[in-house]
Amino acid sequence: MKLRRKLFGSKDPYDCTKSELFLGACKENFNHLITHCDDYKKIADGLGVHSADDISKPEDIPVIPTLLMKQHDFRSGRYMVMATSSGTSGHASHIRFEFGALIAALKMSLRVTRYHGILSMRPCRYIVMGYKPHRSNKTAVAKTAYLTTFLAPAISRKFILKHTSEGYKPDFDSIVNALRKYEKKKAPVRFMGFPSYTFFLFRILEERGLSFQLPKGSKIMLGGGWKQFYREAADKETFYKLAKKTLGIEEENIVEFYGAVEHPILYTACPAHHFHVPVYSNIVIRDPDTLEPIENGRTGLVNLISPLCKATPILSVMTDDLGILHDGTTCPCGVKSPYLEIIGRVAPDDIKTCAAGAADILQGVKV
Amino acid sequence: MILFDGKTYESSEQDRLLTELEKKIPEILAKDQLSPEVVIDAVDKLRIDTMAGKFDHLLTEFPKDIADSYKEQAATLLSREHLHKKLETELGVTEEYVTDPLKGFAQIRVKKVPLGVLFHISAGNMDFLPAYSLAEGLLTGNINILKLPSADNGLSLKLIMQLIEYRPELKDYIYVFDTASTDIQGMRKMAELSNAVSVWGSDMAIEAVRGLAPTGVKIIEWGQKLGFCYISKLSEVEDAEGELDGLAKHIATTKQLLCSSCQVIYIDTEDENELRTFAESFLPRLEKAANENATEEIGIRARDTLSSYTRRLKAYLGNEEVNENVLRGRGVSLILSKDSELELSPMMCNVLIKPLPRANISKVLYQSRYHLQTAGLICPKEDRAGLTETFTRGGLIRVTKGADMSAYFPGECHDGEYALSRYMRIVNVEE
């Protein structure tokens, strides 16, 4: 995995000149997969991709839907850590990572978070708008939300979803109390988690006429999906306005993440709120009828490609997200790579994302 | 959400409500029988309000053309006239009568009465099916416990609540639960309260219900069926092009999701080349139909594309020989097969094409006897009667044009029986 090491060692996480290295690392990964995973080889053969020579562009790599990974357990070598996607309907995918993948992921996380100014030595207080890790919950969302609380030293951590005997329940009151306390202290506060809960918290604060002026450097970090907001028509502008009004946090201190267990690449929004594609991955948007790649600017299924992992064949996966890839050359942030906009998801079948699961719990809360 | 006695409750109250229902049922059974006229009146009011656009906001999740066609169908099917006709067709004589005197025997009074309590386990593949199944139970005067399918989007409950609003006396006869299919205890309790279980679903669903229902409860099964279209001597068929376009449209509009939908197209031949020639000419038609009937909604299109692609990959994973004989088009595929087995296609406009020489029809039908329902037939006029006879003798319930495989024919039965007569029993009283 020489090429992977080289790729994930790139100094600039948004270096646009590395496409050849990227393709090389993908082919290297493909060669490992077809020799270490019979199921992957069957699929590759079925799709007519018999060897790395059949791959001339990243889009030629056999695409595996996350839907299939939830129904079929793929393995392609020894692993150290296993992550489980959030599967509320009884289907979850198990993604295994070997040591080399973890090292690559670590290098990537450090470079990306440093680039975006999230990695900091200044101690802060965390409010996690998600699950408190509990042995009954192995989902990656719980783990990643928890892990992000290490991006700067933590003075304290508070979780909005508490595990009770009846499952996970939101506990807004204790958050409000905590905010009262934190407002008077010096250390910045960092929110992390689902946009839906964060938005909900804003609304509660607004309704109760509460507003806080949190210490300078406080941030809101969002991951886990904006999707339901498109349906509820609560757009991002409203979100930013409420953040300012209720917590005193400016728009530039709202950082969004995008990622999936099946594609553990850290997409971090730039100050213009764009998810630029980093050097570690490629995104192909595919036609919703034919799955053929389509040009930038059109909506389709989101195919995510990265040679990060060997122990599970997640080289090229298709999510059930619908998105648009935009040309990034004119973005004011200076990064030239294209950026991804998530528009929503495919119509519901029986699969729910973790964000949808959160929305379900919320319905039980009366405001 | 639970609907009980005309009021809604949280799902968590299921246990308490079922215990209460056990006490209520004998009280309701002791009352006068529910008149079908009350039900017809409520349904007709629903029709009038539907026509007036009162429920348009509930239909916004359907593509416009589909919502329009639902409204058009509702105009006829929910009308007083149609419902009266349905009662007459399905139940025959409902007036009680006394048998003719026969020497040496006493006379009896004969009448049809409701079974008592019906437990409906509805399927989620057809919009409005839960409400429809419930309405049939009401028309026959039964108390109805309805388990909504997990895929239900709340529409069924809204329609049912509307019926109660029109005729509040219906509330005694309607109990709707959103029990999960995995809640075996809950479903067993519901079955134990009932005289009959009416179950729509796959073989697996029916097997599960047979397992949980107490001995003695009548099980009314509306099982999964497999439709096919039989094509013979295409070159001699009058307006063959129109027939094939009709079949393509049927496949594209039902997406092969219904029991009556075409899963397999059988060609009356043994020649593999003939199969391929047919498939090559049918592919562009199917592609065109799929394209014309594609929903505008990108989310639905993407989901369907993604699930057919996933199924395709799963086939590669299986140990079976990978079928090389697949013709792919935009959003559609035709899978050529050498055997004649009637089986479920991958659906979503992915159709199986198989050879079936006439001489083998009966054998294939016998092998699939549990799953037969609808056969579309495209053949020369002079062969139609003979082939139809072979099909119906072999176990088919409906023989239609290729285009009309999933059409609703007023007066039709379902899976060979009239639903309403299955929901009633006949009683004899000595004079």
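Which residues have the most contacts inside the largest nonpolar core? In this predicted model, they are A:Cys26, A:Met129, A:Ile283 and A:Leu340, within a core of 98 residues. Helix α2(A) supplies the largest share of this core, seven residues. A second, separate core holds 51 residues, including B:Phe4, B:Leu78, B:Phe119 and B:Tyr175.

Helix α2 of chain A covers residues 19-36. Its 18 residues reach 26 Å from the first C-alpha to the last, close to the 26 Å expected at 1.5 Å a residue. A:Cys26 is buried in this helix. So are A:Phe22, A:Leu23, A:Ala25, A:Lys27, A:Asn29, A:Phe30, A:His32, A:Leu33 and A:Ile34. The buried residues of α2(A) pack against two helices, α1 (2-8) and α3 (38-46), and two strands, β12 (282-286) and β13 (299-305), of chain A.

A:Met129 is another of the residues with the most contacts in the largest core. Beyond its neighbours within four places in sequence, A:Met129 is in contact with A:Ile160, A:Phe191, A:Met192, A:Gly193, A:Phe194, A:Tyr197 and A:Thr198. A:Tyr197 and A:Thr198 are buried residues of α8(A). The other buried residues there are A:Pro195, A:Ser196, A:Phe199, A:Phe200, A:Leu201, A:Phe202 and A:Leu205. Helix α8 of chain A runs over residues 195-207. At 1.5 Å a residue its 13 residues should span 18 Å, and the end C-alpha atoms are 18 Å apart, so the two values agree. A:Gly209 follows α8(A) and has a positive phi, near 70°.

In chain B, helix α5 (residues 129-139) packs with two other helices, described in turn. With α6(B) (residues 155-166), the angle is about 35° and the axes are 8 Å apart. Here B:Pro130, B:Ala131 and B:Leu134 of α5(B) meet B:Ser156, B:Leu159 and B:Ile160 of α6(B). This contact has five nonpolar residues, one polar residue and no charged residues. With α2(B) (residues 36-51), the angle is about 145° and the axes are again 8 Å apart. B:Pro36, B:Val39 and B:Val43 of α2(B) meet B:Ala135, B:Leu138 and B:Leu139 of α5(B). By class, six residues in this contact are nonpolar, with no polar and no charged residues.

Chain B also contains an open sheet of seven strands. The strand order is β12-β13-β14-β11-β10-β15-β16, with mixed pairing. The edge strands β12 (326-329) and β16 (398-400) each pair on one side only. From one strand to the next, the twist averages 20°. β12(B) pairs with β13(B) (residues 332-336) in the antiparallel sense, over four bridges. Within this pair, B:Gly329 stands opposite B:Val332 of β13(B). Helix α10 of chain B (residues 272-292) packs on the sheet. α10(B) touches β11 (262-267), β12, β13 and β14 (350-355) of chain B, and its direction makes about 165° with that of β13(B).

The two chains also touch. In this interface, 18 residues of chain B are in contact with 22 residues of chain A. On the chain B side, nine residues are nonpolar, five polar and four charged.

Note on methods
Residues are numbered from 1 along each chain as its sequence is written. Chains are lettered from A and ligands numbered from 1 in the order in which they are written. This is a predicted model: local features need pLDDT of at least 70, side-chain atom pairs count only at pLDDT 80 or more; totals for chains, interfaces and linings use all residues. The expected span of a helix is 1.5 Å times one less than its number of residues. A residue is buried if 20 or more other C-beta atoms lie within 10 Å of its own, exposed if 12 or fewer, and partly exposed in between; C-beta atoms are placed from the backbone. Axes are lines fitted to C-alpha atoms, for helices over the stretch in contact, and angles run from 0 to 180 degrees between N-to-C directions. Two residues are in contact if their C-beta atoms, placed from the backbone, lie within 7 Å. Ala, Val, Leu, Ile, Met, Phe, Trp, Tyr, Cys and Pro count as nonpolar, Asp, Glu, Lys and Arg as charged, and the others, Gly among them, as polar. A nonpolar core is a set of buried Ala, Val, Leu, Ile, Met, Phe, Trp, Tyr and Cys residues joined through C-beta atoms within 7 Å. Two strands pair if DSSP finds at least two bridges between them.
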